[in-house]
Every structure is written in C-alpha cells, then in structure tokens.
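Let's take a walk through this one together, starting with its cysteines and working outward. Have the structure open and follow along.

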Amino acid sequence: MPEMHFLVRWPDGSGQRCYSPSLVIKDFFVPGQSYPVAEFVQRSRTALDIASERVRQKYGYGCGHAAAQLEEIERIAAQFDNRSGVRVTVEAFEE
C-alpha cells in the first residue's frame with residue numbers, strides 16, 4: 001500500500017508533516033491551497049478514514065497510524081477553535 005505524507009502550515013505559522021497510509025489524501029487536498037480549520041479537519045477525517053479502511057480491506061485491520069494522525073490533527077486544530085477566519089495551508093505532498 002503506497003503511503004505518503006502531506007505537509008501543512010497551521011494558522012500560527014507552525015508546520016506539520018502528516019501521515020497517510022494511502023494516496024487517497026490527494027483526492028481531498030491541493031498543494032498550495034488553504035482551508036478553514038474546520039474544513040481541513042473534516043477533509044482529513046474523511047481521507048484518513050478511507051485510507052484506514054483500505055488498509056483494513058488489504059490486511060484485515062485498520063491503520064493505527066492514520067487514527068493517531070487524525071487525533072493529532074484534531075488536537076492541534078482545537079487550539080484555533082475560537083479564532084475566526086483562520087486557515088490551514090496544505091503545502092506539499094511527499095510520496
């Protein structure tokens with residue numbers, strides 16, 4: 001299963017290298033595009049759930065790394081809940 005990383009820039013300027021066990025993440029994000037924080041979290045959740053399900057179909061169990069990545073994204077995003085107009089930028093994909 002081809003895994004990949006997607007590089008993001010949070011509203012506070014910090015960067016993060018996020019993991020996906022599948023290339024499906026490319027169906028949900030465009031490098032250089034920014035997304036409202038809530039939308040970024042929702043797209044991440046959907047993409048990582050699909051990726052984990054692909055792992056389950058192939059190996060018989062979901063991807064723990066995808067679940068952990070989603071938890072980390074949700075934890076960081078919560079820091080920006082009270083800020084309006086903040087966005088997350090997807091900077092690049094690494095395959």
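Start with Cys18: its sulfur lies 13 Å from the closest cysteine sulfur, that of Cys63, which is too far for a bond. The cut-off for a disulfide is 2.5 Å between the sulfur atoms, and by that rule the count comes to zero disulfides. Cys63 is likewise in no disulfide. Keep in mind that what you're looking at is a predicted model.

So where do these two cysteines sit? Cys18 is buried, with a relative accessible area of 0%. Cys63 counts as buried too, at 10% relative accessibility. The bar here is a relative accessible area under 20%.

Now use Cys63 as a stepping stone to Ser52. The side chain of Ser52 reaches the backbone nitrogen of Cys63 at 2.9 Å. Leaving aside residues up to four places away in sequence, Ser52 touches Pro21, Gly62, Cys63 and Ala66. Ser52 is itself buried, with a relative accessible area of 13%, and it is found in helix H1, which covers residues 37-59.

That brings us to H1 as a whole. How far apart are its end C-alpha atoms? They are 32 Å apart, which agrees with the 33 Å that its 23 residues should span at 1.5 Å a residue. Ser52 has company inside H1: Val37, Phe40, Val41, Ser44, Ala47, Leu48, Ala51 and Val55 are also among its buried residues. And what covers them? The cover includes strands E1 (4-9), E2 (15-20), E3 (34-36) and E4 (87-94), along with helix H2 (64-78). Just after H1 ends, look for Gly60, which takes a positive phi of about 90 degrees.

Zoom out and you can place those pieces along the chain. There are two helices and four strands, and from the N terminus on they run β-β-β-α-α-β. The radius of gyration is 13 Å, close to the 12 Å that the globule rule gives for 95 residues, so the chain is as compact as a globular protein of that length. Along its principal axes, the C-alpha trace spans about 40 × 20 × 20 Å.

A few whole-chain numbers round things off. Of the 95 residues, 38% count as buried. Among contacts with a separation of 6 or more, 66% come from residues 24 or more positions apart. As for the outside, the accessible surface comes to about 5,200 Å², and 46% of it belongs to carbon and sulfur atoms.

Conventions
Residues are numbered from 1 along each chain as its sequence is written. This is a predicted model: local features need pLDDT of at least 70, side-chain atom pairs count only at pLDDT 80 or more; totals for chains, interfaces and linings use all residues. Side-chain values use heavy atoms; hydrogens and water are left out. Buried means under 20% relative accessible area, exposed over 50%, partly exposed in between (1.4 Å probe, protein chains only). A polar contact is a pair of N or O atoms within 3.5 Å; within protein, one must be able to donate a hydrogen and the other to accept it, and residues adjacent in sequence count only if both atoms are side-chain atoms. Contact means heavy atoms within 4.5 Å. The expected span of a helix is 1.5 Å times one less than its number of residues. The radius of gyration is taken over C-alpha atoms; the globule rule is 2.2 Å times the number of residues to the power 0.38. Accessible areas come from the Shrake-Rupley method with a 1.4 Å probe; for residues, only the protein chains shown count as cover.
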